[in-house]
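Hello,

Here is the structure I promised to pass on. Please have a look at it first, and then read my notes below.

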Amino acid sequence: PGEQADIEPDAEASDGEPDEATDEAGELGEVEFEGLTFSVPAEHAETLQKALLRQADYSRKMNEVSAKEKAYTQKLEEAEKYAQGVEKHAEAMANIRLLDERLKAFDQLDWRSLRSTNPAEYAAMAADVQSLRLSKAQAEQQAASVAESVEEGRMSVLAEKREAMHKALQSSL
């Protein structure tokens, strides 16, 4: 009988109520993360929630930076293509001007006189003029082709931008 009293639990602890030390350690706070709610010790809940928000903010900003970098890279590539096309067109136009200058030199000749006085030189010069005219026609065709290609690229970019704006307007309306 005396031994039973020694084994009997403490009267305070047996009333079904936790003591203060257990109560403080047992308080839980809720933390939300990716749609899930977790219970953590209350003293750490706010710190953990702030850390998760910082991480989410960091991830969002890194995604924005990555998207901007991708867009910048794409725009840079488009600009380089456009610049190359413009440069090729400028080269073709310069070649046309050079050929025009060379052809103008032949305009000063008295072709009738040259034909009667020196038929061999006349034939050689006439062949040179024909060759220059053919080269000029090819250069003009090349310049037109490059200009057309540059314009197609420009129109393609504009069409993509229009489509993106149209989609943005549709989603906002």
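Phe 106, Trp 111 and Tyr 122 are linked into a cluster by ring pairs. Rings of Phe, Tyr and Trp (its six-membered ring) pair if their centres lie within 6.5 Å, and planes under 30 degrees apart count as stacked, over 60 as edge-to-face and the rest as tilted. The model is a predicted one, in which local features need pLDDT of at least 70 and side-chain atom pairs count only at pLDDT 80 or more, while totals for chains, interfaces and linings use all residues. Residues are numbered from 1 along each chain as its sequence is written, and side-chain values use heavy atoms, with hydrogens and water left out.

Searching the whole structure gives two aromatic pairs. Phe 106 and Trp 111 are stacked, at 6.4 Å centre to centre with 25 degrees between the planes. The pair of Trp 111 and Tyr 122 is edge-to-face, because the planes are at 80 degrees, with ring centres 5.6 Å apart. That second pair links distant parts of the chain, eleven residues apart: Trp 111 belongs to helix H4 (residues 111-117) and Tyr 122 to helix H5 (residues 119-172). Helices (H or I, at least four residues) and strands (E, at least two) are DSSP runs, numbered from the N terminus.

How buried or exposed are these rings? Phe 106 counts as buried at 15% relative accessibility, whereas Trp 111 is partly exposed at 26% and Tyr 122 is partly exposed at 23%. Here buried means under 20% relative accessible area, exposed over 50% and partly exposed in between (1.4 Å probe, protein chains only).

Phe 106 also belongs to the largest nonpolar core, which has eleven residues, among them Leu 103, Leu 114, Met 125 and Val 129. Such a core is a set of buried Ala, Val, Leu, Ile, Met, Phe, Trp, Tyr and Cys residues joined through side-chain atoms within 4.5 Å. Helix H3 (42-107) and H5 are the elements that give two or more residues to this core. Val 129 is in contact (heavy atoms within 4.5 Å) with Leu 103, Phe 106 and Trp 111, leaving aside neighbours within four places in sequence.

As for the chain as a whole, there are five helices and two strands, in the order α-α-β-β-α-α-α along the sequence. Of the 173 residues, 11% are buried. Among contacts with a separation of 6 or more, 44% come from residues 24 or more positions apart.

Best wishes
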